[in-house]
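Here's a walk through one sheet, the helices beside it and some of the salt bridges around them. Have the viewer open while you read.

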Amino acid sequence: MASSNLQVAFQMDPMEGINIDGDSTFVLMLEAQKRGYTLWHYLAEDLSYEDGRVYASARKVRVQREKGNHFEFLSDTVRLNLREVDVVWMRQDPPFDMSYISATHLLDLIEGDTLVMNNPAEVRNAPEKLFVTKFKELMPPTLITRRENEVKEFRAKHGEIIVKPLYGNGGAGVFHLKTDDSNLGSLMEMFLEGSREPVMVQKFLPEVREGDKRIILIDGEAVGAINRVPAAGEIRSNMVAGGAAVRSSLTEREQEICDTIGPDLKAKGLTFVGIDVIGDWLTEINVTSPTGLQAVNQFDGTLLEAQIWDAVETKLNG
């Protein structure tokens, strides 16, 4: 069993903005606190490097499930040497931009002294909408490009399409274009002027109206799922876009998907992962700051955060 006095640092968003009824990081913190660990909080922008050491301007924190009073800082800000803590959780929300990538490089430097969850090098190598391309046989027809003519040809071949930013999150910037939609040119112009990145284009899956399933994997093993059903008139099922969570279990196809990708996730040190499945197709592998723990717990009566901490303790005990 891991020591009860572990020092755990959470690199995340501001404590003030946490939704205690839905935030996965919050229940990870509650479970760590229940186990007697010391919790630290800092923002990604609080990371710094000097003379071979990686520091964070961090504060000790205590959490509790009480709306309007869910956290308390227990110390002033200190310059915390991250080699001297046991676990760092990289839990800031995307977008997966150069700031995010820079943080993974800095956290790489404490490898061997501190366990970083998920493995920062593999997080850097596995942006959600690109990592999934490693498993082509599990994906719907997909195009990644900046060329408008290729998008038009793809739509002519596959019919209705979804166009979305390659590094977006939370359903932001996701567009559904029908075969006769004349907005494709304007949409591509907007994307290309606003970013130097390509877009992801996928064949529209009408099954999304029945839901977009989020499956949680711990060390490559599927441990729970919820179905996120879009609101009326929407095709985005993300909870922040108005999607509703409903109880769900895994189909035979979904278990096949998990069995296919699971060994790779475990080998890469991607311990807490959330994948998205629409119909029979894998659409994303979320490794940066996956969500869904509280929703699965609510329906299944589980404590997935405890299972995750059990996996962390196993890693610490080598």
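What follows covers the sheet, then the helices, then the charged pairs.

Keep in mind that this is a predicted model.

**The sheet**

Let's start with the strands. Five of them, in the order 15-14-13-16-17, make up an open sheet with antiparallel pairing. At the edges you'll find strand 15 (244-247) and strand 17, and each has a single partner strand, so one side of each is left without a neighbour in the sheet. Going from one strand to the next, the twist averages 30°.

As for what holds such an arrangement together, strands of a sheet pair through backbone hydrogen bonds, either parallel or antiparallel.

Here strand 13 and strand 14 pair in the antiparallel sense over 7 bridges. In that pairing, Ile 216 sits opposite Gly 224 of strand 14, and Arg 214 has Ile 226 of strand 14 as its bridge partner. The two strands form a hairpin with 2 residues between them, and Asp 219 takes a positive phi near 50° there.

Strand 13 also pairs with strand 16 (residues 272-278), again in the antiparallel sense, over 6 bridges. Leu 217 faces Val 273 of strand 16, while Arg 214 stands opposite Asp 276 in strand 16. Further along the sheet, strand 14 and strand 15 run antiparallel and are joined by 4 bridges, with Val 229 having Ala 244 in strand 15 as its bridge partner.

How many residues of strand 13 are buried? The count is 7 of its 7 residues, and the strand is mostly covered. Asp 212, Arg 214, Ile 216 and Ile 218 point one way, Lys 213, Ile 215 and Leu 217 point the other way, and all are buried. So Arg 214, with partners in strand 14 and in strand 16, is a buried residue under the cut-off of 20% relative accessible area.

**The helices**

Next, the helical side of things. Helix 8 (residues 293-300) packs on the sheet and touches strand 13, strand 14, strand 15 and strand 16. Its direction makes about 95° with that of strand 14.

How do helix 8 and helix 9 cross, and which residues make the contact? Their axes come within 9 Å and cross at roughly 120°. That makes helix 8 oblique to helix 9, because the roughly perpendicular range is 65 to 115 degrees. On the helix 8 side the contact is made by Leu 293, Val 296 and Asn 297, and on the helix 9 side by Leu 304, Glu 305 and Ile 308. By type, these residues divide into 4 nonpolar, 1 polar and 1 charged.

**Salt bridges**

Now for the charged side chains. The model has 22 salt bridges, and these are among them:

| Pair | N to O distance |
|---|---|
| Glu 284 and Lys 164 | 3.9 Å |
| Lys 315 and Asp 219 | 3.3 Å |
| Glu 256 and Arg 253 | 3.3 Å |

Take the salt bridge of Glu 284 with Lys 164, at 3.9 Å. It links distant parts of the chain, since Glu 284 is in strand 17 (residues 281-286) and Lys 164 in strand 10 (residues 161-165), 120 residues apart. Are these two side chains buried or exposed? Glu 284 has a relative accessible area of 13%, so it counts as buried, and Lys 164 is buried too, at 8%.

The salt bridge between Lys 315 and Asp 219, at 3.3 Å, brings us back to the hairpin. Lys 315 belongs to helix 9 (residues 304-316) and Asp 219 to the loop between strand 13 (212-218) and strand 14 (221-229), so this pair ties together parts that are 96 residues apart in sequence. Lys 315 is partly exposed, with 30% relative accessibility, whereas Asp 219 is buried at 16%. That's the Asp 219 with the positive phi near 50°.

Glu 256 and Arg 253, also joined by a salt bridge, are a local affair. Both are in helix 7 (residues 252-267), and because they are 3 residues apart, about one helical turn separates them. Glu 256 is partly exposed, with a relative accessible area of 41%, and Arg 253 counts as buried at 19%.

Finally, there's a network: Glu 31, Lys 34, Arg 35, Asp 310 and Glu 313 are joined into one by salt bridges that share partners.

Conventions
Residues are numbered from 1 along each chain as its sequence is written. This is a predicted model: local features need pLDDT of at least 70, side-chain atom pairs count only at pLDDT 80 or more; totals for chains, interfaces and linings use all residues. Side-chain values use heavy atoms; hydrogens and water are left out. A salt bridge is a side-chain nitrogen of Lys or Arg within 4 Å of a carboxyl oxygen of Asp or Glu. Buried means under 20% relative accessible area, exposed over 50%, partly exposed in between (1.4 Å probe, protein chains only). Two strands pair if DSSP finds at least two bridges between them. Axes are lines fitted to C-alpha atoms, for helices over the stretch in contact, and angles run from 0 to 180 degrees between N-to-C directions. Contact means heavy atoms within 4.5 Å. Angles under 35 degrees count as roughly parallel, over 145 as roughly antiparallel, 65 to 115 as roughly perpendicular and the rest as oblique. Ala, Val, Leu, Ile, Met, Phe, Trp, Tyr, Cys and Pro count as nonpolar, Asp, Glu, Lys and Arg as charged, and the others, Gly among them, as polar.
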